[in-house]
Amino acid sequence: MAWRSGLANFFLRASCPICKRPSQGVFCRDCDRQIDAYFPGRMPDEAGLLPVSVYCWGRYDGALKRAIAACKFEGARAIAIALGRKLGQHWQQEVRQPPAQVVVPIPLHPQKLKKRGFNQAEVMAASFCAVTGLECRPRWLRRVKETKPQIETRSRQERESNLANAFALGETVRPQSVVVFDDILTSGATLRAAIALLEQHQLRVAGVIVLARTELGTRQWEGRNV
Ligand SMILES: [Zn+2]
């Protein structure tokens, strides 16, 4: 029977990156429904990770976690586009007055970009902007230092020094408000470093948009003054 299902897969366009079952769209109908079941919107930043408000699709778990992991490690640009579009559609329904017109995605270091082939945060942001009509400015921020994955750092101090001077401005821009975009919010150290750099250059960060936020961010930092 194996050859039969192989033949069926051949004729279907692709398999769902989350559950690997055959699917007509980017995700199968089941996984698509599971991703849609997350509750996007403004998430309370109980731990005070960021100095600005956060718009987030949902917790980094289940189908959403698997979708982000698939687009990061399997190089599937279509997944990042689909996720950015979903986020944009919800944003349009819920946010009447965008806090800024310009969206700046968190960049990857050129070495990492070469290895991975594309920056998932940038692709998601571009897709988000295509839906919302905001302007995506992926060149305004550059990553100038190769940092180790934040997950491998053990303390807040190590996280902050890992990110120190990690970013630079990529273009000369006039002072204005921007929104910063990333795929995952964990400790917030990356976003804090990017926000600090942008604000040094008179770019007021009016908010942050992320696809998912880890539980780790809440648990690990709870009650601490970060
Ligand atoms: Zn699926």
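**A zinc site, salt bridges and a covered strand**

C31 counts as buried because its relative accessibility is just 2%, and buried means under 20%. That value, like everything else here, comes from a predicted model. C31 makes a handy starting point, since its sulfur atom (SG) is one of the atoms that coordinate the zinc ion.

The rest of the zinc site is easy to list. Along with C31, the ion is held by the SG atoms of C16, C19 and C28, at 2.3 Å. What is the arrangement of the four donor atoms around the zinc ion? It is tetrahedral, because the angles that the donors subtend run from 103 to 117 degrees. For orientation, the ideal angle for four tetrahedral donors is 109.5 degrees. Along the sequence, the donor residues follow the spacing C-x2-C-x8-C-x2-C. Two of these cysteines, C19 and C31, link distant parts of the chain: C19 sits in the loop between β1 (14-15) and β2 (22-23), while C31 belongs to helix α2 (residues 29-36), twelve residues apart. In contrast to buried C31, C19 counts as partly exposed, because its relative accessibility is 27%.

Next come the charged side chains. Side chains of opposite charge can pair when their charged atoms come close. How many salt bridges does the structure hold? The count is nine. One of them brings helix α2 back into the story: the side chains of D32 and K86 meet with N and O 3.0 Å apart. D32 lies in helix α2 and K86 in helix α4 (residues 77-94), so this pair ties together parts of the chain that are 54 residues apart in sequence. Are the two partners buried or partly exposed? D32 counts as partly exposed because its relative accessibility is 26%, whereas K86, at 10%, counts as buried.

Another salt bridge joins the side chains of E122 and R139, with a distance of 3.5 Å from N to O. Here E122 comes from helix α6 (residues 120-132) and R139 from the loop between β6 (135-136) and β7 (141-143), so the parts tied together are 17 residues apart in sequence. Both partners are partly exposed, E122 with a relative accessible area of 22% and R139 with a relative accessibility of 48%.

R137 and E135 form a salt bridge too, and their closest N and O atoms are 3.0 Å apart. R137 counts as partly exposed at 32% relative accessibility, and E135 does as well, at 35%. Elsewhere, R21, D30 and R33 are joined into one network by salt bridges that share partners.

The last stop is strand β5 (residues 102-105). In a regular strand the side chains alternate between the two faces of the sheet. Which residues cover the faces of β5? V102 and V104 are on one side, V103 and P105 are on the other, and all of them are buried, so to speak of both faces as covered is fair. Strand β5 also has partners. With β6, it pairs in the parallel sense over two bridges, and V103 stands opposite C136 of that strand. With strand β9 (residues 176-185), β5 again runs parallel, this time joined by four bridges. In that pairing, V104 stands opposite V180.

Notes
Residues are numbered from 1 along each chain as its sequence is written. This is a predicted model: local features need pLDDT of at least 70, side-chain atom pairs count only at pLDDT 80 or more; totals for chains, interfaces and linings use all residues. Side-chain values use heavy atoms; hydrogens and water are left out. Donors are N, O and S atoms within 2.8 Å of the metal (3.2 Å for Na, K and Ca); water is not among the atoms, so sites may look incomplete. Four donors count as tetrahedral if all angles lie between 85 and 135 degrees; four count as square planar and six as octahedral if opposite donors are over 155 degrees apart and all others between 65 and 115; anything else is irregular. Buried means under 20% relative accessible area, exposed over 50%, partly exposed in between (1.4 Å probe, protein chains only). A salt bridge is a side-chain nitrogen of Lys or Arg within 4 Å of a carboxyl oxygen of Asp or Glu. Two strands pair if DSSP finds at least two bridges between them.
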